[in-house]
Amino acid sequence: MHPSSVAHAFAEAFNAKDTHAVEAVYEPGGLFVPEPGQTVTGAARQAANQRFLDLGLPIDVKPRHVYEHDGIALLIVDWTIGDVTGTATDVARRGADGRWRYVIDNPFGTA
């Protein structure tokens, strides 16, 4: 699997409104940045993602740059939810099963 698969798996789960599938895209201790300056993990991460799912709008993702080395990847991903657009700066790790999962999911990039 290519590291960009994590962004596409997230979008697929998000667009299906499948909370459990969204969670499966993260490592257990994965960090999510629901707004600039705020970080959450675990149950708080799931609740924060649920707020985005509750918007009821689909997400579109377009990986712009992917840099991978030794099972770690940096992804720069352009995304759109409704009229809102952004550029994510994410870190993913390839698991023993070959799947890529978010270690850090920062949808607001440098904001």
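Helices and strands here are DSSP runs, with at least four residues for a helix and at least two for a strand, counted off from the N terminus. With that in hand, the predicted model can be taken piece by piece. UniProt, in an unreviewed entry, lists residues 6–101 as "domain: DUF4440". That span is 28% helix and 49% strand, and its two end C-alpha atoms sit 6 Å apart.

What about empty space inside? A search of the whole structure turns up one cavity of 30 Å³ or more, and the largest cavity has a volume of about 210 Å³. Its lining is made up of 17 residues, and Phe 10, Ile 59, Trp 79, Asp 105 and Pro 107 come closest to the centre. Sorted by class, the lining has 14 nonpolar residues, plus one polar and two charged. Several elements pitch in with at least two lining residues each: helices H1 (5–15) and H3 (42–53), along with strands S3 (59–69), S4 (72–81), S5 (84–94) and S6 (100–106).

Next come the aromatic rings, where the count reaches six pairs. Take Phe 32 and Phe 52: their ring centres are 6.1 Å apart and their planes meet at 80 degrees, which is over the 60 needed, so this pair counts as edge-to-face. Because Phe 32 belongs to strand S1 (residues 26–35) and Phe 52 to helix H3, the pair ties together parts 20 residues apart in sequence. Phe 32 is buried, at a relative accessible area of 3%, while Phe 52 is partly exposed, at 22%. Both residues belong to one aromatic cluster, together with Phe 10, Phe 14, Tyr 26 and Tyr 102. Phe 10 has thus turned up twice, in this cluster and among the residues closest to the cavity centre.

Technical notes:
Residues are numbered from 1 along each chain as its sequence is written. This is a predicted model: local features need pLDDT of at least 70, side-chain atom pairs count only at pLDDT 80 or more; totals for chains, interfaces and linings use all residues. Side-chain values use heavy atoms; hydrogens and water are left out. On a 1 Å grid over the protein atoms alone, a cavity is a set of points where a 1.4 Å probe fits but cannot get out, and a pocket is an open set with protein on both sides within 12 Å along at least five of seven lines; lining residues have an atom within 4 Å of a point. Grid points are joined across faces, edges and corners, and a volume is the space filled by probe spheres set on the points. Ala, Val, Leu, Ile, Met, Phe, Trp, Tyr, Cys and Pro count as nonpolar, Asp, Glu, Lys and Arg as charged, and the others, Gly among them, as polar. UniProt positions are given in the numbering used here, feature names are shortened, and annotations may be inferred rather than shown by experiment. Rings of Phe, Tyr and Trp (its six-membered ring) pair if their centres lie within 6.5 Å; planes under 30 degrees apart count as stacked, over 60 as edge-to-face and the rest as tilted. Buried means under 20% relative accessible area, exposed over 50%, partly exposed in between (1.4 Å probe, protein chains only).
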